[in-house]
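I opened this model to look up one helix, a group of charged side chains and a few single residues. My entries follow in the order I made them.

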Amino acid sequence: MRIAYSGRQISSFQIIIIGFLSVILIGTLLLMLPVSAQHGEVTSFADALFTSTSAVCVTGLVIHDTATYWSTFGQLVIMTLIQIGGMGVVTIAVSIAIVSGRRIGLMQRSTMQEAISAPHVGGIVRMTGFILKVTIGVELIGAAVLSSVFCREFGITRGIWYSLFHSVSAFCNAGFDLMGVKEPFSSLTSYASSPVVNLVIMSLIIIGGIGFITWDDIRRNRLNFRKYRMQSKIIIVVTAFLIVLPAIYFFFFEFENMSFGKRLLCSLFQAVTPRTAGFNTADMTDLSETGQTIIVLLMLIGGSPGSTAGGMKTTTAAVLLFTAFSVFQKKDNTHFFGRRVSHDAERSAAAIALMYIVLPLTGAMIISSIENIPVLTALFEVASAIGTVGLSLGITSNLCMISRTLLIGLMFFGRVGGLTLIFAAFSRKNYDSYKFPQETITVG
């Protein structure tokens with residue numbers, strides 16, 4: 001869908017990109033204000049830009065500890081940016097229009113369809129209202145449960161604020177935390193043994209990461225899994241596998257010295273958080289290289305389409321895997337749950353996977369060379385950025401400006417989406433009817 005603006009055609013993809021860039025810039029300017037920092041001085045443009053990008057792109061990589069550097073106003077700005085970035089700029093804009101009673105035109109509906117990966121335009125306004133209600137409801141419930149822990153520890157006022165901030169950050173898969181008051185950049189490591197904090201944060205991450213379309217299926221069909229859309233079925237099954245299998249590995253090979261209860265919680269949490277939340281209850285530097293590599297793979301896969309999460313998406317990984325199986329079995333088509341996947345979906349999955357292989361590896365090699373650090377350490381940071389995760393091995397604040405700029409670009413790429421950027425840059429569709437002669441090429 002395109003609209004004419006000053007004689008030019010603007011596509012839905014370009015509107016999405018412009019929206020995200022505008023919010024990032026506004027957030028940067030607000031974070032530069034003296035009132036945003038606890039020391040009452042102006043924050044540099046570079047630091048404010050990095051933080052704003054990380055918040056809007058719901059990543060969680062930080063240069064300054066959120067609790068000790070930013071004032072309450074600055075933290076409020078960050079939480080607002082997280083909420084806008086998590087739900088999507090277009091979703092927020094349409095929600096405001098709905099609440100104010102304004103009419104939603106076809107262009108807005110089409111843009112909203114692209115933003116949440118909806119299958120069709122019909123019912124998109126009703127879907128937006130549903131998204132808004134679920135988001136507010138889930139975040140408030142999460143904050144209420146977390147307050148039972150945080151209010152007891154930090155007092156009522158501060159406890160409620162901490163509960164709300166962490167609930168929004170977890171649901172939007174952002175990974176920003178305010179636990180630096182205990183130890184800077186400590187995330188949720190002090191709550192590794194707390195069932196309430198672990199289970200609530202994990203639940204919020206999963207709910208936010210499975211996607212708005214899956215919510216709608218659950219609302220419509222309850223527990224009748226057979227009636228779900230093929231996409232929802234794939235998302236639920238793949239999500240379950242990507243939680244259970246890594247959790248088993250972490251339980252048996254990474255946290256042997258912990259008590260059973262803490263070991264179980266840590267294993268589950270470290271399996272959930274790379275998808276793409278960024279909180280951690282265990283020090284990432286204590287993991288073996290195998291454990292860190294598994295985290296990198298989970299960060300690159302990420303969450304699901306039309307969700308608050310980033311990454312190349314669970315559906316992309318599933319299409320790639322089953323397309324490979326169909327090739328092995330010499331079948332012409334890829335199938336899921338008795339349904340055939342289109343060749344366009346297969347091609348898009350291959351293109352996305354290529355971008356999520358080439359960009360992280362290239363970025364990691366560049367940062368490794370510039371910073372003189374191991375490639376795996378650099379790859380962990382890069383995968384965290386492009387997957388909009390926020391997990392780190394503790395090198396973010398020590399990176400030079402070139403490396404930080406690279407991470408900013410990767411965070412934006414990861415949140416907006418590679419195909420969205422490419423479609424925005426090459427928005428004109430090729431309507432040529434001719435085809436070149438076909439010739440066989442051997443692969444593999």
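**Terms first.** I call a residue buried when its relative accessible area is under 20%, exposed when it is over 50%, and partly exposed in between (1.4 Å probe, protein chains only). Helices (H or I, at least four residues) and strands (E, at least two) are DSSP runs, numbered from the N terminus. The model is predicted, so local features need pLDDT of at least 70 and side-chain atom pairs count only at pLDDT 80 or more, while totals for chains, interfaces and linings use all residues. Residues are numbered from 1 along each chain as its sequence is written, and side-chain values use heavy atoms, with hydrogens and water left out.

**Overview.** I noted 18 helices and 4 strands in the protein. Of its 444 residues, 54% count as buried. I then looked at contacts (heavy atoms within 4.5 Å). Among contacts with a separation of 6 or more, residues 24 or more positions apart account for 68%. The exposed area is about 20900 Å², with 64% of it supplied by carbon and sulfur atoms. That area comes from the Shrake-Rupley method with a 1.4 Å probe; for residues, only the protein chains shown count as cover.

**Helix α16.** I checked its length. The expected span of a helix is 1.5 Å times one less than its number of residues. For the 12 residues of α16 (residues 375-386) that gives 16 Å, and the end C-alpha atoms are 16 Å apart, which agrees. How many residues of α16 are buried? I found 10 of its 12, so the helix is mostly covered by the under-20% rule. The buried ones are Thr-377, Ala-378, Leu-379, Phe-380, Glu-381, Val-382, Ala-383, Ser-384, Ala-385 and Ile-386. What covers them? The cover includes α13 (289-301), α15 (343-371) and α17 (401-416). After α16 comes Thr-388, with a positive phi near 50°.

**Salt bridges.** Side chains of opposite charge can pair when their charged atoms come close. I count a salt bridge when a side-chain nitrogen of Lys or Arg lies within 4 Å of a carboxyl oxygen of Asp or Glu. The structure holds 6 of them.

I started with Asp-216, which bridges to Arg-219 at 2.6 Å, N to O. Both residues sit in helix α10 (residues 212-221), 3 residues apart, and are therefore separated by about one helical turn. Asp-216 is buried, with a relative accessible area of 2%. Arg-219 is partly exposed at 35%.

Asp-216 also forms a salt bridge with Arg-229 (3.3 Å, N to O). This pair links distant parts of the chain: Asp-216 is in helix α10, Arg-229 is in the loop between α10 and α11 (230-253), and 13 residues separate them. Arg-229 is partly exposed, with a relative accessible area of 28%.

What else does Arg-229 bridge to? I found Asp-217, with the closest N and O atoms 3.4 Å apart. Here too distant parts of the chain are linked, from the loop between α10 and α11 to helix α10, across 12 residues. Asp-217 is buried at 3% relative accessible area. I then saw the wider picture: Asp-216, Asp-217, Arg-219, Arg-220 and Arg-229 are linked in a network of salt bridges.

**Asn-173.** I located Asn-173 in the loop between α8 (156-171) and α9 (195-209). Buried or exposed? Asn-173 counts as buried, at 0% relative accessibility. Not counting residues up to four places away in sequence, Asn-173 touches several residues, including Val-58, Leu-204, Arg-275, Thr-308 and Thr-388. I had already met Thr-388 as the residue with positive phi following α16.

**Gln-83.** Gln-83 lies in helix α4 (residues 72-87). At 17% relative accessibility, Gln-83 counts as buried. Its side chain makes a polar contact with the side chain of Glu-139 at 3.1 Å. A polar contact is a pair of N or O atoms within 3.5 Å; within protein, one must be able to donate a hydrogen and the other to accept it, and residues adjacent in sequence count only if both atoms are side-chain atoms. Leaving out residues up to four places away in sequence, Gln-83 touches Ile-92, Thr-135, Glu-139, Val-168 and Cys-172.

**Ile-301.** I found Ile-301 in helix α13, one of the helices that cover α16. Ile-301 counts as buried at 14% relative accessibility. Ile-301 and Gly-387 are 86 residues apart in sequence, yet 7.4 Å apart in space, C-alpha to C-alpha. Leaving aside neighbours within four places in sequence, Ile-301 is in contact with Leu-242, Gly-310, Gly-311, Met-312, Lys-313, Thr-314 and Ala-317.
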